[in-house]
Amino acid sequence: MTRATHAKLAALAVAVCAMLLCVTPTSRPAGEALPQRLDDRTFWTLITEFSEPNGFFRSDNLVSNETVFQHVIPTLQETLGPVSAYVGVGPDQNFTYIAALKPRIAFIVDIRRQNMLLHLMYKALIEMSPTREEFLARLFSRPPPARDASNDGAEALLSAFAEVEPDPVAFERTRAEIYAHLQQTHGFTLTRGDLAGIDFVFRAFYSAGPDIRYSYGRGAGWQPFPTYRDLMTADDGQGVQRSYIANEEIYQSLRDIEQRNLIVPLVGDFGGPKALRSVARYLDLHHATVSVFYTSNVEQYLFRPNDAWQKFYDNVAAMPISDRSTFVRAFFSNALYSTQGRVMRFPDPTQGMPANPPPAGPRSQTLLNPIGVLLGAYAEGHISNYYDVIELSTPK
């Protein structure tokens with residue numbers, strides 16, 4: 001893409017943002033600012049009314065398979081300003097972004113109902129656990145360290161749990177506490193299938209402990225993926241650990257947001273007709289914008305091969321955004337390489353590797369892309385495949 005084209009897209013992006021923001025008072029629905037907390041009934045109503053039917057994905061995604069997702073956090077903190085709404089997908093890597101960016105509300109939208117149930121499990125565990133060590137003790141059904149671990153880093157804390165065996169009595173007790181916390185304390189209406197889904201996820205963490213991976217129990221083929229321990233002890237590329245259990249302050253920030261019911265997990269297809277559109281209407285009604293949309297690598301699946309990607313970008317175009325609104329996306333570099341600050345496709349896959357390929361690095365990268373720029377490119381007809389999206393992104 002030429003420099004002139006980039007400039008044109010940037011100008012169009014400004015126009016798109018202006019169009020989305022300049023809504024007349026008579027045409028905008030009356031509403032109030034985002035609440036400081038959601039009551040339990042409202043929280044559950046959002047989940048039930050905004051969600052779509054359960055969908056399919058080939059893996060369980062119990063933890064992330066992205067190793068460098070923290071690397072964009074310093075840039076986001078410097079450029080976004082106060083964060084209005086966060087939209088994300090997948091499991092608990094969202095917690096690290098949410099704790100760092102402190103949005104006023106967060107929606108986690110995933111095609112699998114199991115992901116929504118995983119987040120409800122986390123919600124119960126975090127709310128019941130005043131400290132990181134209590135949270136990890138419940139998550140892994142293992143006794144906490146005998147010593148005071150409040151000042152431990154993530155590595156020392158997780159090492160203490162990796163050295164002890166899981167306790168089946170603790171597992172049964174905590175599972176019952178999770179069910180009671182969600183159903184009785186909060187009053188959420190969970191089906192038998194929902195309880196079985198929570199049991200599946202919680203049992204996986206009990207069995208694998210801190211070594212649980214992206215899809216637990218899939219055999220040796222899943223071994224290259226990072227463990228929960230790897231992910232929690234990673235840093236932001238500048239030597240600062242920012243995971244949600246890196247220290248007590250970060251964990252307490254996350255716990256506060258959970259206790260105020262402001263992390264809302266939904267079942268929804270990015271290209272579906274309901275979930276993202278419902279989020280868009282809710283945010284518009286509450287005079288909020290999407291500051292961050294973490295897509296992971298979902299977009300690559302939307303291009304295989306159907307028009308789901310077009311439906312997704314139409315859904316995003318319905319969302320209220322600002323000129324700072326940013327996509328955070330992952331791409332896996334088995335078919336791409338980075339050169340001179342841009343992410344490029346190999347010139348011709350049939351001719352093999354380039355003459356001087358870059359050295360091997362992490363199997364994924366985390367990329368930033370202004371939402372307005374993407375929408376501008378889409379409106380101009382410059383998006384036709386996944387690589388067009390990647391070339392609009394900035395590697396970090």
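A polar contact is a pair of N or O atoms within 3.5 Å, of which, within protein, one must be able to donate a hydrogen and the other to accept it. In the predicted model described here, such a contact, at 2.7 Å, links the side chain of asparagine 315 to that of arginine 277. Asparagine 315 belongs to helix H14, which comprises residues 308–317, and it is classed as buried because its relative accessibility of 3% falls under the 20% cut-off. When residues up to four places away in sequence are set aside, asparagine 315 is in contact with Phe270, Gly271, Gly272, Leu276 and Arg277, so that arginine 277, the partner in the polar contact, also appears among the residues touched under the 4.5 Å definition of contact.

A second buried site is provided by histidine 119, a residue of helix H5. Helix H5 covers residues 113–128, and its 16 residues should span 22 Å at 1.5 Å a residue, which agrees with the 23 Å that separates its end C-alpha atoms. Of these 16 residues, 14 are buried, and the helix is accordingly mostly covered. Histidine 119 itself has a relative accessible area of 4% and is therefore buried, the limit for this class being 20%.

The surroundings of histidine 119, with residues up to four places away in sequence not counted, consist of contacts to Gly90, Pro91, Asn94, Phe95, Ile108 and Pro265. Towards glycine 90, a polar atom of the histidine 119 side chain lies 2.8 Å from the backbone oxygen. Proline 265 is 146 residues away from histidine 119 along the chain, yet the C-alpha atoms of the two residues are separated by 6.5 Å.

Notes. Residues are numbered from 1 along each chain as its sequence is written. This is a predicted model: local features need pLDDT of at least 70, side-chain atom pairs count only at pLDDT 80 or more; totals for chains, interfaces and linings use all residues. Side-chain values use heavy atoms; hydrogens and water are left out. Helices (H or I, at least four residues) and strands (E, at least two) are DSSP runs, numbered from the N terminus. The expected span of a helix is 1.5 Å times one less than its number of residues. Buried means under 20% relative accessible area, exposed over 50%, partly exposed in between (1.4 Å probe, protein chains only).
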